[in-house]
Amino acid sequence: MRRRHILRRGAAALAVGLTAGCAAKADGGSDTPTAAKRQTPAHGDLPALPVEERWSVAERSVGDAASADVADADAFEAAVADGGPAVEKLTKRGKKLELKATPSDAAGRGVVTDVGHVAGAYAALVRSDDSFERVSVALLDDGKRPFGSFQVVTPWAKRYVDGEWTATEYGEAVLGTLKTKP
């Protein structure tokens, strides 16, 4: 019995000693460099301030494209191509549209602008023809290989068209589906 008592006390003392050693290093001991010490500063690659948030970029694109007169899928394709990404192919599969597009000058405008433009054009289509469930978009690089995708679903477009959502809220929902490959 006495032996167990001594072993318990020894184990407790050892645990306290080990914990105390760890806490001392975590408190800022010189053995642990901070992340800031390892970062390389960026020179000359800083954006102009203030930086425009992607929601604002999408909001403008949605509003511009949503004002188009889009009566059917063919007019939707034309509205997308007019000021948006280059349409490679639009396919109707039942109640779904599949669009393959190459973003317009990605270095100057960015993909977010094109995502907002497609969303706005789809809202214009839904305003006159809500028979489609969604448009799925495959983004292609210059070599016509897919590098990203996003979707716009009809209930979101209806909320925007009916005034329940702002262009920013609608753009946020669509941008939330954007997936890209490195």
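**Exercise 1. Locate Ala66 and describe its surroundings.**

Step 1. Ala66 sits in helix α3, residues 54-66. Helices here are DSSP runs of H or I with at least four residues, strands are runs of E with at least two, and both are numbered from the N terminus. The model is predicted, so local features need pLDDT of at least 70 and side-chain atom pairs count only at pLDDT 80 or more, while totals for chains, interfaces and linings use all residues. Residues are numbered from 1 along each chain as its sequence is written, and side-chain values use heavy atoms, with hydrogens and water left out.

Step 2. Ala66 has a relative accessibility of 3% and counts as buried. Buried means under 20% relative accessible area, exposed means over 50%, and partly exposed lies in between, with a 1.4 Å probe and protein chains only.

Step 3. Leaving aside neighbours within four places in sequence, Ala66 is in contact with Gly120, Ala121, Ala123, Ala124, Arg127 and Tyr160. Contact means heavy atoms within 4.5 Å.

Step 4. The C-alpha atoms of Ala66 and His117 are 8.0 Å apart, although 51 residues separate the two in sequence.

**Exercise 2. Give the overall make-up of the chain and the confidence of the model.**

Step 1. The chain has 7 helices and 5 strands. Along the sequence they follow the pattern α-α-α-α-β-β-α-β-β-α-α-β.

Step 2. Of the 182 residues, 31% count as buried. Among contacts between residues at least 6 apart in sequence, 62% join residues at least 24 apart.

Step 3. The average pLDDT is 80, and 66% of the residues score at least 70. This score is the predictor's confidence in each residue, from 0 to 100. Confidence is lowest in helix α2 (residues 35-38), with a mean of 52, and highest in α6, at 97.

**Exercise 3. Work out the sheet, strand by strand.**

Step 1. The sheet is open, has 5 strands in the order β1-β2-β3-β4-β5, and its pairing is mixed. Two strands pair if DSSP finds at least two bridges between them.

Step 2. The edges are β1 (86-93) and β5 (179-180); each has a single partner strand, so one side of each is left without a neighbour in the sheet.

Step 3. β1 pairs with β2 (residues 96-102) in the antiparallel sense over 7 bridges. Lys89 has Lys100 in β2 as its bridge partner.

Step 4. Helix α5 packs on the sheet and touches β2, β3 (134-140) and β4 (146-153), and its direction makes about 35 degrees with that of β4. Helix α6 also packs on the sheet, touching β3 and β4, at about 60 degrees to the direction of β4. Axes are lines fitted to C-alpha atoms, for helices over the stretch in contact, and angles run from 0 to 180 degrees between N-to-C directions.

Step 5. β3 and β4 are antiparallel and share 7 bridges, with Val135 opposite Val152 in β4. They form a hairpin with 5 residues between them. Lys144, in the loop between β3 and β4, has a positive phi of about 65 degrees although it is not a glycine. Its relative accessible area is 46%, which makes Lys144 partly exposed.

Step 6. β4 and β5 run antiparallel and are joined by 2 bridges; here Gly148 stands opposite Thr180 in β5.

**Exercise 4. Find the aromatic pairs and classify each.**

Step 1. There are 2 aromatic pairs. Rings of Phe, Tyr and Trp (its six-membered ring) pair if their centres lie within 6.5 Å; planes under 30 degrees apart count as stacked, over 60 as edge-to-face and the rest as tilted.

Step 2. The ring centres of Phe76 and Tyr122 are 5.9 Å apart and the planes stand at 80 degrees, so this pair is edge-to-face. Phe76 belongs to helix α4 (residues 73-81) and Tyr122 to helix α5 (residues 111-128), so the pair ties together parts 46 residues apart in sequence. Both Phe76 and Tyr122 are buried.

Step 3. Tyr160 and Tyr170 are stacked, at 5.1 Å centre to centre with 10 degrees between the planes. Tyr160 lies in helix α6 (residues 154-161) and Tyr170 in helix α7 (residues 167-175), so this pair ties together parts 10 residues apart in sequence. Tyr160 is buried at 18% relative accessible area, and Tyr170 is buried at 0%.
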